Amino acid sequence: MAAAAAARRATGLLPLLLSSPSRARVPHRRALALIPQPRPHRLLSHPARLFSISPFSASASNGAAAERARELHLYNTKSRRKEQFRPRAPGGEVGMYVCGVTPYDDSHIGHARAYVAFDVLYRYLRYLDYEVRYVRNFTDIDDKIIARANQLGEDPFSLSKRFSDDFLSDMSHLQCLPPSVEPRVSDHIDQIINMIRQILDNSCAYVVGGDVYFSVDNFPEYGELSGRKLDDNRAGERVAVDERKRNPADFALWKAAKDGEPWWDSPWGPGRPGWHIECSAMSAHYLGHSFDIHGGGEDLIFPHHENEIAQSRAACCDSCINYWIHNGFVNVNSQKMSKSLGNFVTIRKVIEMYHPLALRMFLLGTHYRSPINYTIEQLNVASDRLYYTYQTLCDCEESCHQQQSNTGDSVPANTLNYIQKLHNEFETSMSDDLHTSVALAAISEPLKVMNDLLHTRKGKKQEKRLESLSALEEKIRVVLSVLGLLPSSYHEALQQLREKALRRASVTEEHVLQKIEERTSARKAKQYEKSDEIRRELAAVGIALMDGPDGTTWRPSVPLSEEGVVAKT
């Protein structure tokens, strides 16, 4: 069965919907089924035959190759090395918990970086035919929410609901798939109280005047995730040091009620949960005390995830999360992003001027564990690359639709080689700790081949040209889907990219078309200086003019003034 699964992945085939009951398993290498994609045009009726030469055949003799194809290696923060991913329940469901947002303000590009990274992991696990239960929470009650609500004169739950909804809208724009479950802290107070009881029963916590604190001295393994020694630890940034603590590193599991704050009844009096206990309780409730993957930003390693491990194991000694995965920080113009520096960039601010998938492509251009430097120049490069990709695929789709052929579905050997190379590079890079930048680079050569087939004299004369175009587009489509970059329509995405470019340039399309007419007239009158001046004027604001046999058109581009900056970086 493993060999057959690898053969299916090698083909990049679209899975068929099963007519069996709804609980029947659909293979999760359903890269295109992750988001419903209309496919009105398709040239080849039997794409499986494209891969008859694939080394990943479904024969029993290739079982070892199939297993290698399925191998995934992830960097485990806890062990500080890359490890082969081995699910706790082979053939069963993979459990993945990712710490969600505290919704008290608009989500920023640091949030985008984290949730795009784990969305790619979620998609790739499904591509590898794993069933995945993905849990991402909302911390909908917290000191920051209460402070912001008091500042605005708003109910804390109303405020957190509003920003939670905005966050979900941002994630939808970025094409992050909805998790399996999105629990809110306020709906899981009973589970939190029960876990605190277990920790107290196991002598790893103590009660002080209605507050409950975790005792790090009673948990010898404290610090194993972050590598910190107990003497070096300080209280978490969200909590002021309380002199009643037995150790300054002890942290709150339950906070006694204060005037003007939400509270719930508990065995220790009215109050609300501490920050860290929430994720331990919700992950255990939905995934059990032991599961496969726990993720979040690098800033959560300490104290949040360190404290989660301590709480969970103090509540249940058998608690174990196999893989701790963390994404790197986002800097803005080489400075740490923070409100105090005035360089706090929200997702909404970015997508006002750029296509959301341009932001996603920018984020995927850097390995998820490396720090990423956000600049407008690099975002323009990502947007330009996205436009080129969609334009090539749109031209391919239109060409195949307009010139349908009945010559069969065989594909030239050189095209098969390009497809197999893309498949190998994609799976190799993604299985090596999700190297999305390498996976993106792998589609460059097939896109160039497609453009040659579409637009050059030699390419237009190639035998089985349409079959080659369709086969290449099919494979690139699978890659884009796993990366979350596949739009519902190439044509619509291109139009949206053009609209954003016009907005950034502060011009209308009517103005651009008028300039094209002026330039055409100048060229006819042999006023070449004026013609060049119009081209430079538009290029300076990111509008490139393209001369062709049917006249002049325009497309978004990197603004002329930025090209030198981009080349240096």
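In the predicted model, His108 sits in the loop that runs between strand E3 (93-98) and helix H3 (109-127). The relative accessible area of His108 is 16%. Burial is assigned under 20%, so His108 counts as buried. A polar atom of the His108 side chain lies 3.0 Å from the backbone nitrogen of Gly110. Gly110 itself falls within helix H3 (109-127). Further along the chain, His108 is in contact with Met337, Phe344, Val345, Thr346 and Ile347. That list leaves aside neighbours of His108 within four places in sequence.

Helix H3, which follows this loop, packs against helix H12 (residues 413-431). The two axes are 11 Å apart. The angle between H3 and H12 is about 125°. Angles of 65 to 115 degrees count as roughly perpendicular and those over 145 as roughly antiparallel; H3 is therefore oblique to H12. The crossing of H3 and H12 is left-handed. On the H3 side, the contact is made by Val120, Tyr124 and Tyr127. H12 contributes His423, Phe426, Glu427, Met430 and Ser431. By class, the contact of H3 with H12 comprises 5 nonpolar, 2 polar and 1 charged residues. Tyrosine is counted among the nonpolar residues in this scheme.

A second buried position is found in helix H13 (residues 436-442), which holds Leu440. The relative accessibility of Leu440 is 11%. Leu440 therefore counts as buried, given this value. Contacts of Leu440 were examined without residues up to four places away in sequence. On that basis, Leu440 touches Met361, Leu364, Gly365, Leu483 and Leu485. One of these partners, Met361, is 79 residues from Leu440 in sequence. The C-alpha atoms of Leu440 and Met361 are 8.7 Å apart in space.

These local features belong to a chain of 569 residues. Buried residues make up 54% of the chain. His108 and Leu440 both count as buried. The secondary structure comes to 20 helices and 15 strands. Contacts in the chain were also sorted by sequence separation. Among those between residues at least 6 apart, 77% join residues at least 24 apart. The contact between Leu440 and Met361 spans 79 residues in sequence.

How values were computed: Residues are numbered from 1 along each chain as its sequence is written. This is a predicted model: local features need pLDDT of at least 70, side-chain atom pairs count only at pLDDT 80 or more; totals for chains, interfaces and linings use all residues. Side-chain values use heavy atoms; hydrogens and water are left out. Helices (H or I, at least four residues) and strands (E, at least two) are DSSP runs, numbered from the N terminus. Buried means under 20% relative accessible area, exposed over 50%, partly exposed in between (1.4 Å probe, protein chains only). Contact means heavy atoms within 4.5 Å. A polar contact is a pair of N or O atoms within 3.5 Å; within protein, one must be able to donate a hydrogen and the other to accept it, and residues adjacent in sequence count only if both atoms are side-chain atoms. Axes are lines fitted to C-alpha atoms, for helices over the stretch in contact, and angles run from 0 to 180 degrees between N-to-C directions. Angles under 35 degrees count as roughly parallel, over 145 as roughly antiparallel, 65 to 115 as roughly perpendicular and the rest as oblique. A crossing is left-handed if the near helix is turned anticlockwise from the far one by less than a right angle, and right-handed if clockwise.
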